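Visitor: Please take a close look at the largest pocket, and set it in the context of the whole protein. Which residues line the largest pocket?

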Amino acid sequence: MNEQFARGKLAEICKLLYDRNLTVSAGGNMSLRLDEKEFIITPSGRNKGLLRPEDMVLVNMKGKALSDGRPSMEKGFHIALYKANPDTASVIHCHPLHCTVLAVRGEKIKSALTPEGVILLGDVPLIGYFTPGSKKLVEAVAEHSSCKAMLMERHGAITQGRTLEEAFNRMEELEFQAKLQIVAGDADELPASEVKKLMKM
C-alpha cells in the first residue's frame, strides 16, 4: 500500500473514531499495515481527532520508528497481531465508554445478543489487566491473536481487520454490543445452534 495514501486513510479513520465517541483525547492507538515489513501508527500522546496524515509514524516490525514522531507505546501488540495474522491490515485500540465499563467491571462481552455481533465479532475474550505498553500485555494480546476483537480489563478494546474499514466496523459494533448488553440487562444470547450457523456465514 502507498504510504501517503495510507497516512490519509488512517487520519480519516482516527477522526471518525473521535467523532463517533469511540475514542477520547489522546487515548487509544490505531495502525495500518503497508506491507510485511512496515506499518504506520498514531503518535504517542496526541488527540486522535486532530491528527493529520503527516503526524503518523512509520514503524518496522521490530518496533523501530522510520520517520519523525514518537510511535504509540503500545505498538508492541500491533506488531504481535500483524506477525500472527498475515491477513490483518489494521489494528485499532480505543477506550469506548460502554466497552470500558464492562472492562472495568471485569465482565465478558456478550457478542451473541444479535446476529451482527456473532458475524462481525465472534467470541470476544476478556484479557486480564496488565500495565499499558508492557511486555506482559503484548503477550496476553498475542495469546488471543485469532480473535477479531478483545477487551482488556480496566483498559479498553482492540479490534483487527483485513482492511482499515473492517477494523473500524468491528470497533463500532463492539461498542454497540457493549451498550446493548448494559441496557438489555439479563437478556439471553442467541441459542448455540444459531451461533454455530451464523459463524459459518
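Guide: Along the sequence, the elements of the protein follow the order α-β-β-β-α-β-α-α-β-α-β-β-α-α. This amounts to seven helices and seven strands, taken as DSSP runs (helices H or I, at least four residues; strands E, at least two) and numbered from the N terminus. The model is predicted, so local features need pLDDT of at least 70 and side-chain atom pairs pLDDT 80 or more, while totals for chains, interfaces and linings use all residues. Numbering starts from 1 along each chain as its sequence is written, and side-chain values use heavy atoms, without hydrogens or water.

The overall dimensions come first. Taken along the principal axes, the C-alpha atoms fill a box of roughly 50 × 30 × 30 Å. Of the 201 residues in the protein, 49% are buried, that is, under 20% relative accessible area (exposed is over 50%, partly exposed in between; 1.4 Å probe, protein chains only). Where residues at least 6 apart in sequence are in contact (heavy atoms within 4.5 Å), 64% of those contacts join residues at least 24 apart.

The largest pocket has a volume of about 180 Å³. A pocket here is an open set of 1 Å grid points where a 1.4 Å probe fits, with protein on both sides within 12 Å along at least five of seven lines; lining residues have an atom within 4 Å of a point. Its volume is the space filled by probe spheres set on the points, which are joined across faces, edges and corners.

The lining consists of Arg 20, Asn 21, Leu 22, Leu 97, His 98, Glu 172, Glu 175, Phe 176 and Lys 179. Helix H3 (97–105) and helix H6 (164–184) each contribute at least two residues to this lining. The greatest contribution is that of H6, which gives four residues.

Two of the lining residues, Arg 20 and Glu 172, are joined by a salt bridge with an N to O distance of 2.6 Å, the cut-off being a side-chain nitrogen of Lys or Arg within 4 Å of a carboxyl oxygen of Asp or Glu. Arg 20 belongs to the loop between H1 and strand E1 (29–33) and Glu 172 to helix H6, so the bridge ties together parts 152 residues apart in sequence. Arg 20 is partly exposed at 48% relative accessible area, and Glu 172 is also partly exposed, at 25%.

Leu 22, another lining residue, is likewise found in the loop between H1 and E1. With a relative accessibility of 3%, Leu 22 counts as buried. Setting aside residues up to four places away in sequence, Leu 22 touches Leu 17, Cys 94, His 95, Pro 96, Phe 168, Met 171, Glu 172 and Glu 175. Glu 172 and Glu 175 also appear in the pocket lining. His 98, a further member of the lining, lies 76 residues from Leu 22 along the chain, and their C-alpha atoms are separated by 9.5 Å.

Helix H1 (residues 3–19) carries a salt bridge of its own. Its partners, Glu 3 and Arg 7, sit four residues apart in H1, about one turn of the helix, and their closest N and O atoms are 2.9 Å apart. Glu 3 is partly exposed at 25% relative accessibility, whereas Arg 7 is buried at 6%.

Across the whole structure, twelve salt bridges are found. One of them pairs Lys 108 with Asp 123 at 2.7 Å, N to O. Lys 108 is in the loop between H3 and helix H4 (115–121) and Asp 123 in the loop between H4 and strand E5 (126–127), so this pair ties together parts 15 residues apart in sequence. Lys 108 itself is partly exposed, at 40% relative accessibility. Elsewhere, salt bridges with shared partners link Arg 46, Arg 52, Glu 54 and Asp 55 in one network.

Two residues from other parts of the chain add to the context. Leu 81 lies in helix H2 (residues 75–84) and is buried, at 0% relative accessibility. Residues up to four places away not being counted, Leu 81 touches Val 91, Val 141, Ser 145, Met 150, Ile 158 and Gln 160. Between Leu 81 and Leu 58, 23 residues apart in sequence, the C-alpha to C-alpha separation is 17 Å. Asn 85, in the loop between H2 and strand E4 (90–94), is buried at 18% relative accessible area. By the same sequence exclusion, Asn 85 touches Arg 33, Ser 145 and Gln 160; Ser 145 and Gln 160 are also among the contacts of Leu 81.
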